Amino acid sequence: MTYIAGQEIMTDAAVASLSLDDKELAKEIEASVEVGENASLGKLKELGVSFKLYSHPETATIDKQAEHLGHLPGVLTKNLLLRDKKIGTFLITVLHDRPTDTKTIAKLLKLGGKANLRFADEETLEGLLKVKRGAVSALAVLNDTGNAVTLAMDKALMEQPIVNLHPLRNDRTVAIPTAALLQFVHAAGHEPTMLDFDSVPVAPPPGPVPPKEKNRSDSKNGGDKSTAVAKASASTPGQTLLGIDVSKKDNFALWYTRVITYSEMIDYYDISGCYILRPWAYSIWESIQRWLDAEIKELGVENSYFPLFVPKSVLEREKDHIEGFAPEVAWVTKSGDSDLAEPIAIRPTSETIMYPLFKKWIRSHRDLPLCLNQWSNVVRWEFKDPTPFLRSREFLWQEGHTAHATFEESQKMVMDILDLYKKVYEELLAVPVIQGRKTEMERFPGGDITTTVEAYIHGSGRSVQGATSHNLGQNFGKMFEIQYEDKAGGHAVPWQTSWGLTTRSIGVMIMAHGDDKGLVLPPRVAPKQVVVIPIVKASLSAENKAALQSYAERITTDLKAAKIRVHLDHRDNYTPGWKYNHWEQKGVPLRLEVGPMDLDKGTARMVRRDSGLKVDLAGEAVVHTVLHVLEEIQANLFAKCKAERDKKLVKVWEWKDFVPALEEKCVILTPFVNETEWEEEVKRRSREEALAGESEDARTATSAAAKTLCIPFDQPDLSPGTKCFVSGKEATCWVLWGRSY
Ligand code: 86X
């Protein structure tokens, strides 16, 4: 089955598991057309629309549909059949999160004050559209041969590239380009009315599920009882409640998708493997940048910017370096309709772009060291399953490239940078990492030594390479003929390094700390460290409201003055309970609730995101307590993550214990002979044994094989005569193994 609009098939495992293959689909269409049911698929086919069909358990509500399909590309819609006895019947198709109370819809349909819209009963529905409740979609107009129904569609839906709809049965969902949906309804003889939700005063948008725990409400001070607005919203039929409804433990992959979208970090895009970094995510990248940028400048590195494009001849100048990577290179071959004289690659990394200039700029020993960095995007057209942050086809990084007069100096740079990377993970993102050197098999072949920081994701039991720092030796210097006159007047080739850290680091942080309520952010990188939420009750007098408001503002200002990143959420169309959930999903480390009672007593209630702990603070104590607790949260997240990792970090001396440990999601230290053939053997055997076993994890995982993560710098004692765990030969070092991303 082709995917949408000429894109290649989504390789995302979660998508694949739901999709029907070509044959299944063809059979299904044929069968359905024969019995005259579900002819919508046949119609789509007839119209030449390319679509994708998903099979799933029956989903009678939008919430259920979201549960099974919420992670797919494309939007979901709410669909209702409404009827006014005098005016007519309307099939309403709107974005999943629209308010669909009959009043709002009547207004949008411009029916005038007298209209009396009702939900059509099942009989009417089946009579007019031949479809069951819970399986309605805009595709049902196909059955409205008598043109008895007016189709009304959300105007904003038209701006969405892909829409996911039930093809008149609710155990299937079809993904089609929105443009094709229009084509379809036209072909069925309908010209849809467009509903412009921007034209009516907004009812409160749907939000996260209110917390199960009763909101703070002490009857006297009027805590958080629902305001009138919230009541209206809660009673809206079919309201989508976007709470994170999968647990990290039960379905890690789906949990991750939910967390990154509900926290407003990521949005999807219609090129597989490309994602939008929304402000909440980008701000974290800026925090990492700010810190790392200052630190590398301390090491004498300067920022610069090199072009995005590489002429084919330049990229391929060093065929050996490129060889294994060639399939990942993305090319520009045309401008407008005409072919370019020479194809131009989009940088997958910048060695071949930068080093010709290094040759030009390095003439004398006085030109060394040359230490450049650039912050940029790169493109690698990967074919493995894409995962936002962890493996995307375009990503952001910094790449540093330096040239030195001696090996020692270059190696110092390699290690200084690796230490900074460790600090990014441990001190900013609160994720422990293991530093080490890559084996022959895993190192960057263009260099001599590859060093790495390796993180561990507790939820999936997989390891991730956090960042790398290479000692390139003189290899690139020789390849690019970089030569300079040394102090003695002779010719010398410089010693080079290169190193990079990417937006992958954000994904590691999310996976490491997130919980079943959503994101949990370490304070040092949280875009907002504190959110202040005034508990305003509708019944409060205007005067008291104003007093509470200015009290909340004062607390906010005080915190700001102490350089704390604080946000006052004074929106009046959300309940406090809604806001608690919203900011919990977004991972804000601390929440301060201020209600009328706090105003009287000069207090505020502080709630921690990491532990849920609640403390009432005296007003004067707020700033310094918040400062202190933010530090505590930062430390606590690191400690928790490290404890989880350490529990899974085991030593194995014999092969028989190796795969069982992998199945227990362990990272494994073994005595090893450190020979490539044996490393390959471990990969092969671990995959075989894991797939032969019962482990679901191994079979559904992208890779069941173990690979070496690194030879840790911190080596446990290796008493002479210790045998390698796989070859039985004498071990030369301890090596760290794991399944990895
Ligand atoms: C290796 C090496 C190095 C600077 C880093 O790891 C840090 C920052 N670069 C990158 N590498 C490639 O050389 C490469 C080349 C091509 Cl053509 C490609 F398509 C993908 C690549 N991926 C990694």
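Is Lys642 buried, partly exposed or exposed, and what is its relative accessible area? Lys642 is partly exposed, with a relative accessible area of 31%. Here, buried means under 20% relative accessible area, exposed means over 50%, and partly exposed lies in between (1.4 Å probe, protein chains only).

A word on the model before we go on. This is a predicted model, in which local features need pLDDT of at least 70 and side-chain atom pairs count only at pLDDT 80 or more, while totals for chains, interfaces and linings use all residues. Residues are numbered from 1 along each chain as its sequence is written, and side-chain values use heavy atoms, with hydrogens and water left out.

**Salt bridges**

A search of the whole structure finds 34 salt bridges, each defined as a side-chain nitrogen of Lys or Arg within 4 Å of a carboxyl oxygen of Asp or Glu. Three of them are set out here.

| Pair | N to O distance | Relative accessible area |
|---|---|---|
| Lys422 and Glu426 | 3.4 Å | Lys422 26%, Glu426 18% |
| Arg605 and Asp616 | 2.9 Å | Arg605 21%, Asp616 45% |
| Asp646 and Lys642 | 2.9 Å | Asp646 32%, Lys642 31% |

Lys642 and its partner Asp646 both sit in helix α20 (residues 622-647); because they are four residues apart, about one helical turn separates them. Lys422 and Glu426 are likewise four residues apart, about one turn, in helix α14 (residues 407-428). In that pair Glu426 is buried, whereas Lys422 is partly exposed. Helices (H or I, at least four residues) and strands (E, at least two) are DSSP runs, numbered from the N terminus.

Salt bridges also link Lys517, Glu584, Arg591 and Glu593 into a network.

**Around strand β26**

Arg605 brings us to strand β26. The salt bridge between Arg605 and Asp616 links distant parts of the chain, with Arg605 in strand β26, Asp616 in strand β27, and their positions eleven residues apart in numbering. Strand β26 (residues 603-608) is mostly covered, as five of its six residues are buried. Arg605 itself counts as partly exposed.

Two strands pair if DSSP finds at least two bridges between them. β26 pairs with strand β25 (residues 590-594) in the antiparallel sense over four bridges, and Arg591 has Val607 of β26 as its bridge partner. Strand β27 (residues 614-618) also runs antiparallel to β26, joined to it by five bridges; there, Ala604 is matched with Leu617. β26 and β27 form a hairpin with five residues between them, and Gly612 in the turn has a positive phi of about 80°.

**An open sheet**

Elsewhere, eleven strands make an open sheet with mixed pairing, in the order β11-β15-β16-β22-β19-β18-β17-β30-β31-β29-β28. β11 (302-303) and β28 (649-651) stand at the edges, each with a single partner strand, so one side of each has no neighbour in the sheet. β28 pairs with strand β29 (residues 667-672) in the parallel sense over three bridges, and Val667 in β29 is the bridge partner of Leu649.

**Charge at the surface**

Arg83, Lys85, Lys86, Lys114 and Arg118 form a positive surface patch. Within this patch, Lys85 is found in the loop between β2 (75-84) and β3 (88-95), and at 84% relative accessibility Lys85 counts as exposed. For patches, like charges are joined within 9 Å, using residues with over 30% relative accessible area and no salt bridge, and nonpolar side chains (Val, Leu, Ile, Met, Phe, Trp, Tyr) are joined within 5 Å.

Notes. Accessible areas come from the Shrake-Rupley method with a 1.4 Å probe; for residues, only the protein chains shown count as cover. Lys and Arg count as positive and Asp and Glu as negative; His and the chain ends are not counted. The place of a charge is taken as NZ of Lys, CZ of Arg, CG of Asp or CD of Glu.
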